[in-house]
Amino acid sequence: MPSVFVQGRPVDSYPRHAPEARHGKVRRITEAGEEVLHKPCRDVTEFGPDLAALIDDMFLTMYIADGAGLAANQVGVDLRLFVYDCPDDDGVRHVGHVVNPVLEPLDASHRRLLDDSEGCLSVPGAVMNVPRPDRAVVRGYDRDGEPLVIEGTGYFARCLAHETDHVNGQVYLDRLSGRDRKEALRQMADRRDEVLARRAATIEALSA
Ligand code: NI
């Protein structure tokens, strides 16, 4: 089994960071409470250099913040788009971007819910258990407008569901019970400054 899939296709070798990140610039990551994260994003209708540049920025921003996925509204852009660099539970790495992603509904008899820990770059410092299906299929397009189907299991299925939630205007806090949501916000209040300081130090080191 190949150990890296890029845009859903196996590749023989791949660098530690997606090449897109080399051309990107770091953008500020929005936080839970900012409007852009809590309303459905608009469909991407223009496939061109601006979209490609946004994807570059999103990859770099995701790596700087040590994330496994990042949606466009997490950098303040109201468009249906996400990037990912995420392992599954079999040690396979998945890297890519999806434009106008739609999560395919799965037959309840063919999926299992996994209760596993989840965090979000827009909820800095919090990690909570969230039940998610153990399999996910996302349909969308690549930056050139070519149709795409990305399938994931385990932690990568979680990532695909989490990022598609983002473009639909949902954060994982919305999937928590009232009590767990409060706990997540408490964790964020405790650790946010530390997480943001670490991100700032990484950006500093990069530009030095
Ligand atoms: Ni997130």
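## Two residues with positive phi

Asp-66 sits in the loop that runs between α2 and β3. This is a predicted model, and in it Asp-66 takes a positive phi of about 65°, even though it isn't a glycine. Is Asp-66 buried or exposed? It counts as exposed, because just 11 C-beta neighbours fall inside 10 Å and the cut-off for exposed is 12 or fewer.

Asn-100 is another non-glycine residue with a positive phi, here of about 50°. Asn-100 belongs to a strand, β5. With 19 other C-beta atoms within 10 Å, Asn-100 comes out as partly exposed, since being buried takes 20 or more.

## The nonpolar core

Now for the inside. The largest nonpolar core is made of 47 residues, and the ones with the most contacts inside it are Met-58, Phe-59, Ala-72, Phe-82, Val-83 and Leu-160. Helices and strands both chip in: α2 (49-64), β3 (69-71), β4 (81-87), β5 (93-103), β8 (135-141) and α3 (154-167) each put at least two residues into this core. Which element gives the most? That's α2, with nine residues.

As a general point, nonpolar side chains in soluble globular proteins tend to be buried together. For a look at one member of this core, take Leu-160: leaving out residues up to four places away in sequence, Leu-160 touches Ala-136, Val-138, Ile-150 and Gly-152.

## The annotated binding site

An unreviewed UniProt entry carries a "binding site" annotation on Cys-120, His-162 and His-166. These residues are spread over 47 residues of sequence, yet they cluster in space, with a largest C-alpha distance of 10.1 Å.

## The two histidines

Where is His-162 found? In helix α3, and His-166 has its place in helix α3 too. His-162 is buried because it has 25 C-beta neighbours inside 10 Å. His-166 is also buried, with 24 other C-beta atoms within 10 Å.

Their contacts are worth tracing on the model. Setting aside neighbours within four places in sequence, His-162 is in contact with Gly-69, Glu-118 and Tyr-172. On the same terms, what does His-166 touch? The list is Ala-71, Asn-73, Gln-74, Phe-82 and Val-171. Phe-82 ties this back to the core, as Phe-82 is one of the residues with the most contacts inside it.

How values were computed
Residues are numbered from 1 along each chain as its sequence is written. This is a predicted model: local features need pLDDT of at least 70, side-chain atom pairs count only at pLDDT 80 or more; totals for chains, interfaces and linings use all residues. A nonpolar core is a set of buried Ala, Val, Leu, Ile, Met, Phe, Trp, Tyr and Cys residues joined through C-beta atoms within 7 Å. Helices (H or I, at least four residues) and strands (E, at least two) are DSSP runs, numbered from the N terminus. Two residues are in contact if their C-beta atoms, placed from the backbone, lie within 7 Å. UniProt positions are given in the numbering used here, feature names are shortened, and annotations may be inferred rather than shown by experiment.
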